[in-house]
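Dear colleague,

I am pleased to hand over the structure below. Please keep it open while you read the notes that follow.

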Amino acid sequence: MGVFKAAAIQMRSGTSPERNAADMEQLVREAVAMGASYVQTPEMTGALVRDKDAKRTVFTSEDKDVVVAKARQLARELGIHFHIGSTAILRDDGKLANRALLIAPDGTTLASYDKIHMFDVDLDNGESWRESAAYEPGTDAAVVDLAGLKLGFAICYDLRFPQLFRTEALAGAAVLSVPAAFTRQTGEAHWHVLLRARAIENGAFVIAAAQGGLHEDGRETYGHSLIVDPWGRILAEAAHDEPSVIVAEIDPAQSVAARAKIPNLKNAREFSLRRFDGEPASLRGAAS
Ligand SMILES: O=C(O)CNC(=O)[C@H](CS)NC(=O)CCC(=O)C(=O)O
């Protein structure tokens, strides 16, 4: 792809995939009316459901999923690349995957990515999350080629693991994607700075479609969908948590220019760790 317009779709997904697919459709049509040829929806576009057991009645396999079917139909009708930020997919082995899908303008699947890092965290406001109780983590980073433009995948909490983005940037990704359902508390503290850091340190665009507001399942998410350029500038932001669309122009040449100005990807070096802290040398190196 040459220069194109990308949209991030901000949603407030409830517990019904059918209703969420309908909300998604309306916002995607808005995005395409604004000129977008690539649209990205947030993590768990299909449904946000807190109860671990209830998830199994709400979610289904990829071929029966209503959000996936709707995305294929819209991609074909509108001639766009449709990035489902994620939806929960019931795998053949009975486990759930938190899965992103990139659908081509002909409606076929170009790539998929299963979220690697599970959000198992206790926040100091009493919020407690155990994503690994319901989902099976993925094991593979992923990069897809969109007519000459490479895009790397990530989902939400993955944002805190820079080595994932570095792997994708070194594979040539000029756009890094971070669909999310960030909590309000952690979003206020960390969202903008982490997204801008991933863009700057990799010389890549970052596109992050977010869930926002008070959801049917009781959770509150931060919103503030963001598109950042390879120099760390915010190109577009939803400065609130309402369902909405943001659009920005993506010129892949800007990634090349940023990497020429600051060639840190090329200047990276192997190193070992000398320990002066009494720990044995065999423990050297940071665990990922
Ligand atoms: O559970 C589901 O149904 C969908 N998954 C999520 O909402 C996930 C796991 S609970 N949320 C995050 O990763 C938020 C990360 C975050 O907020 C941070 O890193 O600060």
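In these notes, Ala, Val, Leu, Ile, Met, Phe, Trp, Tyr, Cys and Pro count as nonpolar, Asp, Glu, Lys and Arg as charged, and the others, Gly among them, as polar. By this division, the shell around the ligand holds nine nonpolar, two polar and three charged residues. Please note that the model is predicted. Of the 14 residues around the ligand, the nearest are Phe 119, Cys 156, Tyr 157, Ala 181 and Thr 186.

I turn now to the sheet. It is open and mixed, and its six strands follow the order 5-4-3-2-1-16. Strand 5 (109-114) and strand 16 (244-250) stand at the edges with a single partner strand each, so one side of each has no neighbour in the sheet. On average, neighbouring strands are turned by 25° against each other, direction ignored. Strand 1 (residues 4-10) pairs with strand 2 (residues 38-40) in the parallel sense, over three bridges, and Ala 7 stands opposite Val 39 in strand 2.

Two helices pack on this sheet. Helix 1 (residues 17-33) touches strand 1, strand 2 and strand 16, and its direction makes about 155° with that of strand 1. Helix 3 (residues 66-78) touches strand 3 (81-90) and strand 4 (96-103), and its direction makes about 165° with that of strand 3.

How do these helices meet? Helix 1 and helix 3 pack at an angle of about 20°, with their axes 9 Å apart. Helix 1 is therefore roughly parallel to helix 3. Among the residues in contact are Met 24 and Val 28 of helix 1, and Lys 70 and Leu 74 of helix 3.

Yours sincerely

Methods:
Residues are numbered from 1 along each chain as its sequence is written. This is a predicted model: local features need pLDDT of at least 70, side-chain atom pairs count only at pLDDT 80 or more; totals for chains, interfaces and linings use all residues. Two strands pair if DSSP finds at least two bridges between them. Helices (H or I, at least four residues) and strands (E, at least two) are DSSP runs, numbered from the N terminus. Axes are lines fitted to C-alpha atoms, for helices over the stretch in contact, and angles run from 0 to 180 degrees between N-to-C directions. Two residues are in contact if their C-beta atoms, placed from the backbone, lie within 7 Å. A residue is near a molecule or strand if its C-beta atom, placed from the backbone, lies within 6 Å of it. Angles under 35 degrees count as roughly parallel, over 145 as roughly antiparallel, 65 to 115 as roughly perpendicular and the rest as oblique.
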